[in-house]
Amino acid sequence: MFQNVDGDSAPSRSPFDWHDVRFIGAAAGRYALPDRRADDTGKVAVYACRLCSISTRIAVIVGPVVGKEGETITAHFDDFGILRGKICRKLQSGFAVRLTLSDAERNKLSGKIVWQKKKVHEQVPDKREHKRILPRDPRTILTLADGTQMPCFVIDISQSGVAISAEIWPGLGTPMAVGKLVGRVVRYLDVGFALQFIQLQEQSQLEILMAPPAGIAEESGAVG
């Protein structure tokens, strides 16, 4: 009996199980749920996400919209390319996707995972004026001027602003709060929009201030 990447025992293994590898670390990307339509035009909504871990069978992803188990997902990450599969389970911090790959694609992905594990140790430091960080938990709550609240995903955050992915596309200049951080929409991104804070924030306080009030994320369905 052998232990597979998911922690399950299996009586036999395919040739790919022998060289199965896993990468655990943050990688920014985007995803879509092709079975859903964003509006009457039939356009599929694309959201920002973060890849938390990946093997040649399973990818664990955090994003603003969690699909149902069995729902198809298409995701793209610069280091791993386009990944397709089905959501196999919801997790406290996101969802797991069982990847749909041919034998050749599984081999290719295995090589990318090995390469990424080596490359991650050679990253160049961010030298921008206000360093952008990837929060440990990117899920939080967006509050609009009329009091409406909705779950959102923080792509990255700095002392001066934050990049957001959510199910809305507010107009430029729209005021809103991300957690306790207040700002205005200053530009659009491919997968969301950016807010500029009304005042510069302490970097050490960013993750504390962007966090949703206790219990709000679960009640609003931010995840699961």
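**Exercise 1.** Find how strand 6 and strand 7 pair, and which residue of strand 7 is the bridge partner of T72.

Solution. Strand 6 covers residues 72-77 and strand 7 covers residues 81-91; the two are paired antiparallel over six bridges. Strands here are DSSP runs of E with at least two residues, helices are runs of H or I with at least four, and both are numbered from the N terminus. Two strands pair if DSSP finds at least two bridges between them. For T72, the bridge partner in strand 7 is K86.

The model is predicted: local features need pLDDT of at least 70, side-chain atom pairs count only at pLDDT 80 or more, and totals for chains, interfaces and linings use all residues. Residues are numbered from 1 along each chain as its sequence is written, and side-chain values use heavy atoms, leaving out hydrogens and water.

**Exercise 2.** Place strands 6 and 7 in their sheet, then state which strands helix 1 touches.

Solution. Step one: the sheet is a closed barrel of six strands in the order 3-4-5-8-7-6, with antiparallel pairing. From one strand to the next, the twist averages 45 degrees. Step two: helix 1 (residues 103-119) packs on this sheet and touches strand 3 (22-32), strand 4 (46-55), strand 7 and strand 8 (94-99). Contact means heavy atoms within 4.5 Å. Step three: the direction of helix 1 makes about 115 degrees with that of strand 3. Axes are lines fitted to C-alpha atoms, for helices over the stretch in contact, and angles run from 0 to 180 degrees between N-to-C directions.

**Exercise 3.** Describe the barrel that contains strand 12, and say which residues stand opposite L142 and M176.

Solution. Step one: the order is 9-10-11-14-13-12, a closed barrel of six strands with antiparallel pairing. Its neighbouring strands are turned by 45 degrees against each other on average, direction ignored. Step two: strand 9 (residues 139-144) pairs with strand 12 (residues 175-178) in the antiparallel sense over three bridges, and L142 stands opposite V178 in strand 12. Step three: strand 12 and strand 13 run antiparallel and are joined by four bridges; M176 stands opposite G183 in strand 13. Step four: strands 12 and 13 form a hairpin with two residues between them, and G179 in the turn has a positive phi of about 65 degrees.

**Exercise 4.** How many salt bridges are there, and which residues form them?

Solution. Step one: the rule asks for a side-chain nitrogen of Lys or Arg within 4 Å of a carboxyl oxygen of Asp or Glu. The count is two salt bridges. Step two: R136 pairs with E207, their closest N and O atoms being 3.5 Å apart. This pair links distant parts of the chain, with R136 in the loop between helix 1 and strand 9 and E207 in helix 2 (residues 206-210), 71 residues apart. Step three: R139 pairs with D137, with closest N and O atoms 2.8 Å apart.

**Exercise 5.** Is each of R136, E207, R139 and D137 buried, partly exposed or exposed?

Solution. Buried means under 20% relative accessible area, exposed over 50%, and partly exposed in between (1.4 Å probe, protein chains only).

- R136 is exposed because its relative accessibility is 73%.
- E207 is partly exposed because its relative accessible area is 26%.
- R139 is buried because its relative accessible area is 15%.
- D137 is partly exposed because its relative accessibility is 35%.
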